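User: I've got a structure to go through with you. Can we take it one question at a time?

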Amino acid sequence: MYTKLCSKLWVALDSLKRDARGVSAIEYAVLLAIVVGLVVAGLQALNFEGIFTSANTAVENAMDTATGTGTGTGTGTGTP
């Protein structure tokens, strides 16, 4: 089964080599891989995890203050 799959893959690759559309498809695939890599690197550089952590902490503090539970470290200005 593995040899049939490999042979079909080689036939498909050979047909792509001879067809100009195959070259374009490969070029687009390489460009897509580069763009995805740059997006991932950019998101890691922006440290979105820290943003979501601080937002989660703020929401938890607000909920604790609103319900009267927790440590009372929220900055709410409302009166109970």
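User: Which pattern does the protein follow, read along the sequence?

Analyst: Keep in mind that this is a predicted model. The protein has three helices and zero strands. Read from start to end, the pattern is α-α-α.

User: And how far do I trust it? Which helix has the highest confidence?

Analyst: Overall, the mean pLDDT of the protein is 77, and 74% of its residues reach 70 or more. Where pLDDT is low, don't read the predicted coordinates in detail. Confidence is lowest in helix 1, at a mean of 76, while the highest value, 85, belongs to helix 2.

User: What share of the residues count as buried?

Analyst: Start with the surface: the protein exposes about 7100 Å², and carbon and sulfur atoms supply 69% of that. To count as buried, a residue has to be under 20% relative accessible area. Of the 80 residues, the share that counts as buried is 1%.

User: Which helix gives the most to the nonpolar patch?

Analyst: The patch covers about 1000 Å² of surface, and its residues include Trp10, Tyr28 and Ile34. Helix 1 (2-18) and helix 2 (20-46) each supply at least two of its residues. With six residues, the top contributor is helix 2.

User: Is Leu16 buried or partly exposed, and at what relative accessible area?

Analyst: Leu16 sits in helix 1 and is one of the residues making the nonpolar patch. Patch residues need over 30% relative accessible area. Leu16 counts as partly exposed because its relative accessible area is 34%.

Note on methods. Residues numbered from 1 in each chain as written. Predicted model: local features only at pLDDT ≥ 70, side-chain atom pairs only at ≥ 80, totals over all residues. Heavy atoms only, no water. Patch = residues over 30% accessible without salt bridge, like charges linked within 9 Å, V, L, I, M, F, W, Y side chains within 5 Å. Areas by Shrake-Rupley, 256 points an atom, 1.4 Å probe, with all protein chains shown as cover. Salt bridge = Lys/Arg side-chain N within 4 Å of Asp/Glu carboxyl O. Helix = DSSP H or I, 4+ residues; strand = E, 2+ residues; numbered from the N terminus. Buried < 20%, exposed > 50% of the residue type's maximum accessible area, 1.4 Å probe, protein only. pLDDT = per-residue confidence, 0-100.
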